[in-house]
Amino acid sequence: MKKVNIYFNRWFSVAYHYMNLIRNNEDGIPVQIFATHPDIRHMSLQGADVAGTEPALTGIEYVQFCVDFCRRNEIDIFIPRLHMLDISLHAALFDAIGTKVLVCRDLDLLEMIMDKGKFYESVKTTGIMTIPDYHVVSNAEEFREAYEDLVSKGHKVCFKPTETEGGLGFRIIDNNRSPLEELFGHVTPLISFDDAYRILAGTESFPNLMVMELLEGYEYSIDCLADENGSLLAAVPRRKAGGRLRLMEHIPELEHVARRVAETYRIPFNFNIQMKYSGSVPKLLEINPRMSGGLHISCLSGINFPYLAVKSALGGEVQPAQFADNVLASHVEQPLIMRINGESVITDSVN
C-alpha cells in the first residue's frame with residue numbers, strides 16, 4: 001500500500017502528538033510525515049519522518065515555498081497553521097499539484113473567525129450562543145469608556161487584542177493589586193486601570209483591543225471534527241480539573257453549541273470552540289479554525305481527531321463518533337534524544 005505523504009508547516013510543539021496519532025491510525029494506513037520549522041531542533045519536528053527548515057517569508061512568497069515543498073515531496077495532505085489566511089487565499093495552487101489542504105476555504109469566514117471583534121458581531125446576529133458584554137476599542141478614550149460601561153454593569157473587566165493566539169496580550173484589570181508582592185511572586189496578567197490607560201494613552205491609536213467582562217466559571221475547549229463540507233462528526237468538551245488534570249465530559253448544552261456552530265459556519269475538518277461559564281451560562285471566548293493545543297488530550301476519549309480529518313480529506317468514510325464515558329486525564333514528561341531526519345543529534349555544550 002502506497003504511503004500517504006502528510007506535511008505540517010510551522011506548528012506548535014504539540015504537533016508531535018498529532019503526527020503520532022495520524023501515524024498510529026486505527027486503519028493501519030501507512031503514512032510518511034514531513035514537517036518544516038525555522039528551528040530544525042523544534043520539538044514538533046521530532047514526530048516527523050522528514051524534517052526541514054523553512055524561511056522567514058510572508059504572503060505569496062511563503063505560499064510558494066509551501067507549494068514547492070509539496071510538489072517536490074509529492075505531498076497528499078497539507079495541514080497548515082502558519083499563514084493560514086494566505087494559504088487559503090491561494091488554495092488553488094495546491095489543487096493544481098494534487099495536494100489536499102486541510103484549511104477553511106471560505107476566506108471571508110476565516111478572516112472573520114480570526115478577528116474576535118468581527119466574529120462576535122456575527123454571533124450576535126445569528127444568536128446561536130451567548131457572548132460576553134464587550135467593546136472593541138482602538139484609542140485610550142474608547143478604552144476608558146468601555147471600562148466604565150462594563151464596571152457600571154457590575155462586571156470585572158479584562159482585555160485582549162482582537163487578533164492574537166492563546167493568552168498573548170490578555171490582561172485582567174485589578175485596581176487592588178500589589179505591585180511589590182507581584183515583583184517577588186509569579187508573573188500575573190493583572191494590571192490596574194490607571195496603568196493600562198497610561199500605557200495606551202502614550203499613542204494616538206493602537207491595534208483593536210477587545211475590552212470585555214471577565215468570566216470566572218469553568219472554561220471549556222470543545223474539540224470538534226467535521227467533514228469537508230462542515231458537517232459535524234464529533235465534539236468533545238474538555239476542561240482543566242486542577243493542576244495537570246483534564247476532564248473530557250458530556251455537557252449537553254456545549255455539545256449543542258458545537259452542532260449549532262457547525263450548522264451555521266460550516267468550518268471543515270478540525271476546529272475548536274472555547275467557552276467559559278458566567279454562573280450557569282456558557283459564553284463564547286473564541287473559535288480556532290484548526291487543531292487546538294490540547295487536542296491530543298481529547299483524543300484519549302477514543303476519537304482520533306487528527307487522523308479522522310485526514311481520512312475524510314482523502315475521501316474515506318468517517319461516521320459520526322461519540323465518546324462513551326467521561327475521561328479524566330493528565331500527562332507526564334517524556335525524555336527524548338533529539339533526532340533530525342531519523343538521526344540522533346549529539347552536540348557539545350555551549351557556554
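A disulfide is a pair of cysteine sulfur atoms within 2.5 Å. Keep that cut-off at hand for the first exercise, and remember throughout that this is a predicted model.

**Exercise 1. Cysteines**

Task: Find how many disulfides the structure holds, and explain why Cys104 is not in one.

Solution:
- Step 1. Start from Cys104 and look for the closest cysteine sulfur, which belongs to Cys224.
- Step 2. Compare the distance with the cut-off: the two sulfurs are 14 Å apart, and a disulfide needs them within 2.5 Å, so this is too far for a bond.
- Step 3. Now take Cys224, whose nearest cysteine sulfur is that of Cys299, 13 Å away; Cys224 is in no disulfide either.
- Step 4. The count for the structure is zero disulfides.
- Step 5. Add the surroundings: Cys104 is buried, with a relative accessible area of 5%, and Cys224 is buried at 1%.

**Exercise 2. Helices α7 and α9**

Task: Work out how helix α7 is oriented relative to helix α9, and which residues make the contact.

Solution:
- Step 1. Two packed helices are described by the angle between their axes and the distance between the axes.
- Step 2. For α7 (residues 140-152) and α9 (residues 193-200), the angle is about 155° and the axes are 9 Å apart.
- Step 3. Angles over 145 degrees count as roughly antiparallel, so α7 is roughly antiparallel to α9.
- Step 4. The crossing of α7 past α9 is right-handed.
- Step 5. On the α7 side, the contact uses Ala140, Glu141, Phe143, Arg144 and Tyr147; on the α9 side, Phe193, Ala196, Tyr197 and Leu200.
- Step 6. Sorted by class, these are seven nonpolar, no polar and two charged residues.

**Exercise 3. Helices α1 and α12**

Task: Decide how α1 lies relative to α12, and sort their contact residues by class.

Solution:
- Step 1. The axes of α1 (residues 15-23) and α12 (residues 305-313) come within 7 Å and cross at roughly 60°.
- Step 2. That angle makes α1 oblique to α12.
- Step 3. Here α1 passes α12 in a right-handed crossing.
- Step 4. From α1, Tyr18, Leu21 and Ile22 meet Pro306, Tyr307 and Val310 of α12.
- Step 5. The classes are six nonpolar, no polar and no charged residues.

**Exercise 4. Two residues and their surroundings**

Task: Say where Ser88 and Lys100 are placed, and which residues they touch.

Solution:
- Step 1. Ser88 is in helix α3 (residues 84-89) and counts as buried, at 6% relative accessibility.
- Step 2. Setting aside residues up to four places away in sequence, Ser88 touches Val103, Cys104, Arg105, Leu107 and Leu110. You met Cys104 in Exercise 1, where it was buried.
- Step 3. Lys100 is in strand β5 (residues 100-101) and is partly exposed, with a relative accessible area of 24%.
- Step 4. Beyond its neighbours within four places in sequence, Lys100 contacts Asp76, Ile77, Phe78, Glu228 and Ala313.

**Exercise 5. Positive phi**

Task: Compare Glu74 and Phe269: is each one buried or exposed?

Solution:
- Step 1. Glu74 is not a glycine, yet its phi is positive, about 50°. Phe269, also a residue other than glycine, has a positive phi near 65°.
- Step 2. Glu74 lies in the loop between α2 (59-72) and β4 (77-79), while Phe269 lies in strand β14 (residues 269-278).
- Step 3. Glu74 is exposed, because its relative accessibility is 58% and exposed means over 50%.
- Step 4. Phe269 is buried, because its relative accessible area is 4% and buried means under 20%.

Note on methods. Residues numbered from 1 in each chain as written. Predicted model: local features only at pLDDT ≥ 70, side-chain atom pairs only at ≥ 80, totals over all residues. Heavy atoms only, no water. Axes fitted to C-alpha atoms, helices over the stretch in contact; angles between N-to-C directions. Helix = DSSP H or I, 4+ residues; strand = E, 2+ residues; numbered from the N terminus. Parallel < 35°, antiparallel > 145°, perpendicular 65-115°, else oblique. Left-handed = near helix turned anticlockwise from the far one by under 90°. Contact = heavy atoms within 4.5 Å. Nonpolar A, V, L, I, M, F, W, Y, C, P; charged D, E, K, R; others polar. Buried < 20%, exposed > 50% of the residue type's maximum accessible area, 1.4 Å probe, protein only.
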